[in-house]
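Me: Please take one helix of this predicted model and examine it closely. I should like a single connected account of its geometry, its burial and its part in the surrounding cores and pocket.

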Amino acid sequence: GEGGRGVRMLMKVYLLPYAIKIMWELLLKLASTLGELALPVILSYVIDTVIPEGNVDRILMWGIAMAGCAAFSCATHIVTNRISADVSGRAAERIRNDLFEKIGGLSEERAEAFTAPSLVSRVTGDSYILYDTMVYLQRTGVRAPIILAGSSVFMILMDPVLAALVLFAAPLTIWAAWKAAA
């Protein structure tokens, strides 16, 4: 529909110039999230295998590995959040400038239908909403599906029976909550 065409135009015109930065951000976000998802897998291994051996050096080694995963994830999240803010800010600035240019080209009749402060306020507010949306999509909108898929895979690898129960029950729970809210 009309909304889909607007989103495609937004992406093509305003985000395509930053495609390399966005791809770099997505790869870092994937690596960071996988680093986070590795923590419970490592912890499970340490509890089930390393601790019963009683080898303190190996326990410390795996603890350091977990701290390394956490530090890596934290650092890459900071980098990706800065990239998403930069890309979104630059795109929103271009959108805002284009909107102000469009306003400047309005006929006198069309411009008089609105007050100048109203137009400025609308353009500023709308461009901020677009900025906020682009940041959100690059941060949470990308990370959430990675967490969902990654945690499902790790859950299946770690405990297939529990994974089957959770993967069966989750859609039913969502359906029941949706029905109860309606």
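Reply: Helix α2 covers residues 19-53, and its 35 residues should span 51 Å at 1.5 Å a residue; the end C-alpha atoms lie 49 Å apart, which agrees with that expectation. The helix nevertheless has a kink of about 40 degrees, centred on Val-46. After α2 comes Gly-54, with a positive phi near 75 degrees.

The buried residues of α2 include Ile-22, Leu-28, Ile-42, Val-46 and Val-50, and also Glu-25, Lys-29, Ser-32 and Thr-33. In soluble globular proteins, nonpolar side chains tend to be buried together.

Two of these positions, Ile-22 and Leu-28, belong to the largest nonpolar core, which has twelve residues in all. At least two residues of this core come from each of α1 (2-15), α2 and α3 (56-104). The most is given by α3, with five residues. A second, separate core of six residues includes Ile-42, Val-46 and Val-50, together with Cys-69. Val-46, the centre of the kink, is thus among the members of this second core.

The helix also reaches the largest pocket, whose volume is about 270 Å³. Ile-22 and Leu-26 are among the residues that line this pocket, as are Leu-10, Leu-15 and Met-134. Each of α1, α2 and α5 (116-158) supplies at least two residues of the lining, and α5 provides the largest share, six residues. Ile-22 therefore appears both in the largest core and in the lining of the largest pocket.

Note on methods
Residues are numbered from 1 along each chain as its sequence is written. This is a predicted model: local features need pLDDT of at least 70, side-chain atom pairs count only at pLDDT 80 or more; totals for chains, interfaces and linings use all residues. Side-chain values use heavy atoms; hydrogens and water are left out. Helices (H or I, at least four residues) and strands (E, at least two) are DSSP runs, numbered from the N terminus. The expected span of a helix is 1.5 Å times one less than its number of residues. The bend at a residue is the angle between axes fitted to the seven residues ending there and the seven starting there. Buried means under 20% relative accessible area, exposed over 50%, partly exposed in between (1.4 Å probe, protein chains only). A nonpolar core is a set of buried Ala, Val, Leu, Ile, Met, Phe, Trp, Tyr and Cys residues joined through side-chain atoms within 4.5 Å. On a 1 Å grid over the protein atoms alone, a cavity is a set of points where a 1.4 Å probe fits but cannot get out, and a pocket is an open set with protein on both sides within 12 Å along at least five of seven lines; lining residues have an atom within 4 Å of a point. Grid points are joined across faces, edges and corners, and a volume is the space filled by probe spheres set on the points.
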